[in-house]
Amino acid sequence: GRPTMDDLVMTLTAIMVRLRKSRVNAGFIIQLFSKIFYFISSWLFNSLVAESHQTSRIWGAILRGRIRKVEVWAERQGLDIAAGTNLSKIVETTELLAADKSDVRSFLSRCAESERINSRQMRSLLEMYGAAPQEASLSRDVIAEAVRRAQRSVDEAVIGEGRPVVLLDDVELASEFVVPDDGYLLEGLRGLPGSLFGFLDDVSANGVCSLRRIPDASGRWDVHMSPLEASPAFVVYRVAKKAGSLGLSIVAAQGAGQ
């Protein structure tokens with residue numbers, strides 16, 4: 001059958017176990033899961049926008065409960081901030097779908113409080129919204145007003161940042177990995193593990209490398225992480241220009257006052 005949210009949580013657990021077993025830097029782990037959470041949120045949101053049968057109050061409540069499983073998992077792993085930030089779009093969307101729409105004024109206030117659903121997305125979600133048998137359908141006037149409020153609360157900020165107002169979100173978090181300054185295994189590592197000695201003995205016996213023991217060494221690994229204080233080297237290149245040719249003179253040309 002199709003993967004479930006429980007399958008997703010099991011996959012996240014397997015990733016975390018592997019990362020911690022390998023003693024990956026905690027800063028890298030947070031950044032990696034931030035990207036994973038953002039992908040989950042964007043993929044689910046795009047699915048809602050693309051499939052009209054999912055935009056209903058019942059489905060919004062069901063999906064919100066399933067996302068909660070990921071949030072609980074993240075809290076137990078110490079990733080609650082990363083999850084809260086990067087799952088916020090799909091959480092906001094499912095809560096909007098699951099909200100009571102019988103009180104139009106209250107519902108429009110919730111739409112105006114939206115911080116991430118732009119006007120195009122708001123229009124698509126509400127126009128495809130499928131009302132339950134005992135639920136009144138959203139009128140064109142209500143949808144139009146919700147879209148206007150999204151334009152004021154979200155579109156203006158998006159345009160101000162120089163980004164287009166799009167229907168589907170990019171599933172990749174637009175941020176580069178930042179190399180953490182500390183928190184590495186080498187900072188607390190002393191000496192060599194016994195298993196590594198056995199491995200190196202076998203490798204050196206085959207002539208691949210040689211192992212030399214230094215009795216008075218401190219055993220610290222972080223001494224190799226200190227920045228080198230070497231002076232930069234300068235190399236001078238001289239290029240001969242043919243007579244009468246433009247050559248590199250255009251590069252060396254100087255303007256007034258230069």
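From the N terminus on, the elements of the protein run α-α-α-α-α-α-α-α-α-α. The model is a predicted one, and its secondary structure comes to 10 helices and 0 strands.

**The whole chain**

Begin with the entire protein on display. Of its 258 residues, 31% are buried. Among contacts in the protein with a separation of 6 or more, 74% are between residues 24 or more positions apart.

**Helix 5**

Select residues 88-98, which form helix 5. This helix is mostly covered, with 9 of its 11 residues buried. To see them, show Ser 88, Lys 89, Ile 90, Val 91, Glu 92, Thr 93, Thr 94, Leu 96 and Leu 97, the buried residues of helix 5. Next, add the elements against which these buried residues pack: helix 2 (26-50), helix 3 (57-76), helix 4 (80-86), helix 6 and helix 7 (119-127).

Keep helix 5 in view and select Glu 95, which belongs to a network of salt bridges. The other residues linked in this network are Arg 64, Arg 68, Glu 71 and Glu 75; display their side chains together with that of Glu 95.

**Helix 6 against helix 8**

Two packed helices are described by the angle between their axes and the distance between the axes. Select helix 6 (residues 104-112) and helix 8 (residues 140-160), whose axes come within 8 Å and cross at roughly 30°. Angles under 35 degrees count as roughly parallel, and helix 6 is therefore roughly parallel to helix 8. The crossing in which helix 6 passes helix 8 is right-handed.

Which residues make the contact between helix 6 and helix 8? On helix 6, show Val 104, Phe 107, Leu 108, Ser 109, Cys 111 and Ala 112. On helix 8, show Val 142, Glu 145, Ala 146, Arg 149 and Ser 153. The residues of this contact divide into 7 nonpolar, 2 polar and 2 charged.

**Glu 145 and its two partners**

Centre the view on Glu 145, one of the helix 8 residues in the contact with helix 6. Side chains of opposite charge can pair when their charged atoms come close. Glu 145 forms a salt bridge with Arg 148, and the closest N and O atoms are 2.7 Å apart. The side chain of Glu 145 also meets that of Arg 149 in a salt bridge, at 2.9 Å from N to O.

How far apart along helix 8 are the members of each pair? Glu 145 and Arg 148 are 3 residues apart in helix 8, so about one helical turn separates them. Glu 145 and Arg 149 are 4 residues apart in helix 8, and they too are separated by about one helical turn.

Now colour these residues by accessibility. Glu 145 counts as buried because its relative accessibility is 19%, and buried means under 20%. Arg 148, at 39% relative accessibility, counts as partly exposed. Arg 149 also counts as partly exposed, at 22% relative accessibility.

**Glu 161 and Arg 163**

Move on to Glu 161 and Arg 163, whose side chains meet in a salt bridge of 2.6 Å, N to O. Is Glu 161 buried or exposed? With a relative accessible area of 53%, Glu 161 is exposed, whereas Arg 163 is partly exposed, with a relative accessible area of 44%.

To finish, display every salt bridge in the model: the count comes to 13.

Key
Residues numbered from 1 in each chain as written. Predicted model: local features only at pLDDT ≥ 70, side-chain atom pairs only at ≥ 80, totals over all residues. Heavy atoms only, no water. Axes fitted to C-alpha atoms, helices over the stretch in contact; angles between N-to-C directions. Helix = DSSP H or I, 4+ residues; strand = E, 2+ residues; numbered from the N terminus. Parallel < 35°, antiparallel > 145°, perpendicular 65-115°, else oblique. Left-handed = near helix turned anticlockwise from the far one by under 90°. Contact = heavy atoms within 4.5 Å. Nonpolar A, V, L, I, M, F, W, Y, C, P; charged D, E, K, R; others polar. Salt bridge = Lys/Arg side-chain N within 4 Å of Asp/Glu carboxyl O. Buried < 20%, exposed > 50% of the residue type's maximum accessible area, 1.4 Å probe, protein only.
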